[in-house]
Structure formats: structure tokens, C-alpha cells
Amino acid sequence: MVRMKEFPISHDKFFYEVYLYYNPMFLMSMMVWLWGLNMYGFLEARIPYAKVFDLEYDHLTHHDIWKIASCMTVVVLTSMTAYLYFYSQNMILEAALQPILLYVLMSVLLWLPSDVLYMRTRFDFLRTIVRLTFPIQTVSFADSLMADVLTSLAKPISDIERSICRMYHHQATTGACLEADAVCGGHSIYAPCILAFPYFSRFLQCLRQYRDTKDEMFLHNALKYATTSAIIFLPVLKYHVAPELWVSQVKPLWLLCTVLNSCCLFYWDITNDWEFGLLSSPWGARKQYLRPILLYRRHWVYYWAIGSNLVMRCAWTYKLSSHLRHNFKLVFFFSVLEMLRRFQWIFFRVEVAAIKLPSFCHCPTQVKILRFFVKGK
């Protein structure tokens, strides 16, 4: 057990440090677990996800994804346990080395140029990240989905930047992370820039899709991602304007932007990504709140997804605000909620993409054959 009385920093600062170093890797491991569940759900619902993502016949199965998630989880928990143990023994240098070793090990495993640990999948992932960083070519469905997933991981990605910053400046285990004017604290402009990167990438993707298709819907989608910048950068002004101005003008403006943005994103999820008729024109002559074709057997899950998506969309903005990051327990809770929201969002987004496939046929015989073929691989 950790002996708190031996800590050279306070109780809150210590647990914030643990959160800062291990929260990003833990949440990314969780996202991999959830992606495996997504693939398992597609298989059970007989959705041809391999065709949706244009995967090759020997693509990774959900079992392979869970193996990767298991390895990531074990590595993260082992490093965190060592960090807690060394800190409890006042072995500060050894404790400070643990997150450094973790980040180096994860990087080596990702970039390892050896035909082990699913090398082709690892390098495909790295190539996808490069395409998201420089979206100058035609955007595939898989690329746009990956960019959307990264928007849900914006906070963990930002925490990686802060963690690396603290390691570089030898601030590990010093407790300086709660000080806004520290080198890697709330005054830093890098944190909101990293937060905004996934949304900026998705914004550029939408512009590229508009260039290729001339469909104005992509311009509207680009505007949706552009407005998120106000939610990310307005809170930064808290550290650069007078307190009275923050309370009287900037904070109310930020709250207004969060409400409007959450409502727009919810509307877009329901109407465009999931193509439900709840908030748009009716399907055909008779009003339908969902879609004419539903691939998941239990229809109540669609209504659950609509209601829970609204709640979690409203909570989503909390984790993007740098002036609230000191409430790290709430930020962690809302970050997990956002990942769960994205997890269920993927089910219905891929369902819509499957229905739009040229070869799609809502035929029981065909999907049974497809399911047998995928399992056989």
C-alpha cells in the first residue's frame, strides 16, 4: 500500500501526476478494447464491415484486436504499479523513470520494423496518421472514421503532450503540474493546439471531400468542426485577461458556444451520420423516426443511442476546456463517457455505410453466407 505521509508533494498533486502520465495510455487501451467490441458487434449483426473499410481477406479479427488491447493494458498497469511502489518508498528517481520507460516502450512497439506484433497493421495505422496530418489525397471512409475517433481522444492526446513536456523539463514527481504558470501548465498554448489538432484534421478532410464531390454537405460538416475551436481556445483567455472580464464576458460566451455546438453536433449525429428521420424530413409518405432498413435486431438500442448521445454530447465539452483540467476526476469521467459515446456512434455510422454499399442486399441467405466466410477467415 502507498504511504501517503512519505510523499514530497501533496495528496492531490500526487494523484494528478499519476492521472497525467497514465490516463492517456489507459484510455487509448480502452479505445482498442471498445474497437474489438465494435468488430464483434458487426460480426454478430452480420454487417459486412470488411467491405465498408475495404479490408483484405486476412484482416485482424476482434480476437486479434483484444490481444493488442490486453498487451497495452498489461504494460500500462505494470508501469503504474511500479510508479506507485517506488514513490511509496521515496525512490523518486526510479518513480520518475517509469512513465519515461512506458512512453519509450510504446513508441518502440509501434515503430518496430520487424514482422512481429502485427507489423502490417501497425504500419497501416502509422500511414493513416500521416494521411490525417496531411489530408491531401482522396479521403476514404476508414480515414474519416479514424479522424472522428481521434476527436474523441483529443484530451488524452493533449495529456501526452503535457506528460512529455514535464519529462523533458525534468518536472516529473515535482507536483508542478497544478500550477497554471508552470512551463507545462495551463498558460501553455501547446495544450489547446494539440486539443484542436484532430478537429483541424477533420476540417481539412471535409474540405478535400467537398473538392472531390462538390457536395455542400461537406462544407457544413467542415463548419461544424471549425466552431469547436471556440470551445477549445476561449478558456485559454482565463489566464490572459482580467478576472472581471473573464466572469462577465468571456465565460458566458464560452458557455453559449458549448450549448450551440453540442446541439449542432447532436443534430448532425442523428440526421446525417446515422440518417434517422427523428429530426429531419419523414422517410417516405409515413413518418419514421428511424430508418427503413435497420440491421440490428433489437430496435430499442436505436432509441437508447439517441437519448444517451444527447446527454454525452453535452458532457463532451467539459473535457476540452483547459481552465477545468484541475478537476481531473471529472475530466477522466467525461473522457470515458465520450469514448463510450463514440463506441456506440461507430455501430450506427458503419451500419449506414454498409447499407449504402452497391453490393448491399438485405437478404438473410446472403448475410449468412457472408458471416460464415468472415468467421472462416
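Tyr 118 sits in the loop between α4 and α5 (119-133), where helices are DSSP runs of H or I with at least four residues, strands are E runs of at least two, and numbering starts from the N terminus. Its phi is near 55°, a positive value in a residue other than glycine. That stands out a bit, because most residues other than glycine have a negative phi. At 28% relative accessibility, Tyr 118 counts as partly exposed; buried means under 20% relative accessible area, exposed means over 50%, and partly exposed is in between (1.4 Å probe, protein chains only). The model is predicted, so local features need pLDDT of at least 70 and side-chain atom pairs count only at pLDDT 80 or more, while totals for chains, interfaces and linings use all residues. Residues are numbered from 1 along each chain as its sequence is written, and side-chain values use heavy atoms, with hydrogens and water left out.

A positive phi also turns up at Arg 46, another residue other than glycine, with a value near 60°. Arg 46 belongs to the loop between α1 and α2 and is partly exposed at 24% relative accessibility. Ile 47 is found in the loop between α1 (11-44) and α2 (49-52) too, but Ile 47 counts as buried, at 3% relative accessibility. Along the chain, Ile 47 and Ala 353 are 306 residues apart, yet their C-alpha atoms are 9.8 Å apart in space.

Now for the helices that a record flags. An unreviewed UniProt entry places the feature "transmembrane region" at residues 20-43, 64-86 and 92-112; UniProt positions follow the numbering used here, feature names are shortened, and annotations may be inferred rather than shown by experiment. In the model, residues 64-86 are 100% helix and 0% strand, with the end C-alpha atoms 34 Å apart. Residues 92-112 come out at 95% helix and 0% strand, and there the end C-alpha atoms are 30 Å apart.

Helix α4 (residues 92-111) is home to Val 108, which is partly exposed with a relative accessible area of 43%. Val 108 joins Leu 93, Leu 97, Ile 100, Leu 101 and Val 104 in a nonpolar surface patch of about 520 Å². Patches are made of residues with over 30% relative accessible area and no salt bridge, joining like charges within 9 Å and nonpolar side chains (Val, Leu, Ile, Met, Phe, Trp, Tyr) within 5 Å. Accessible areas come from the Shrake-Rupley method with a 1.4 Å probe, and for residues only the protein chains shown count as cover. A salt bridge here is a side-chain nitrogen of Lys or Arg within 4 Å of a carboxyl oxygen of Asp or Glu.

What about the empty space? On a 1 Å grid over the protein atoms alone, a cavity is a set of points where a 1.4 Å probe fits but cannot get out, whereas a pocket is an open set with protein on both sides within 12 Å along at least five of seven lines; lining residues have an atom within 4 Å of a point. Grid points are joined across faces, edges and corners, and a volume is the space filled by probe spheres set on the points. The second largest pocket holds about 560 Å³ of space. Its lining takes in 35 residues, and Arg 202, Phe 218, Asn 221, Asp 273 and Arg 349 lie nearest its centre. Arg 202 is found in helix α8 (residues 190-213) and counts as buried at 5% relative accessibility. The structure also holds two cavities of 30 Å³ or more.
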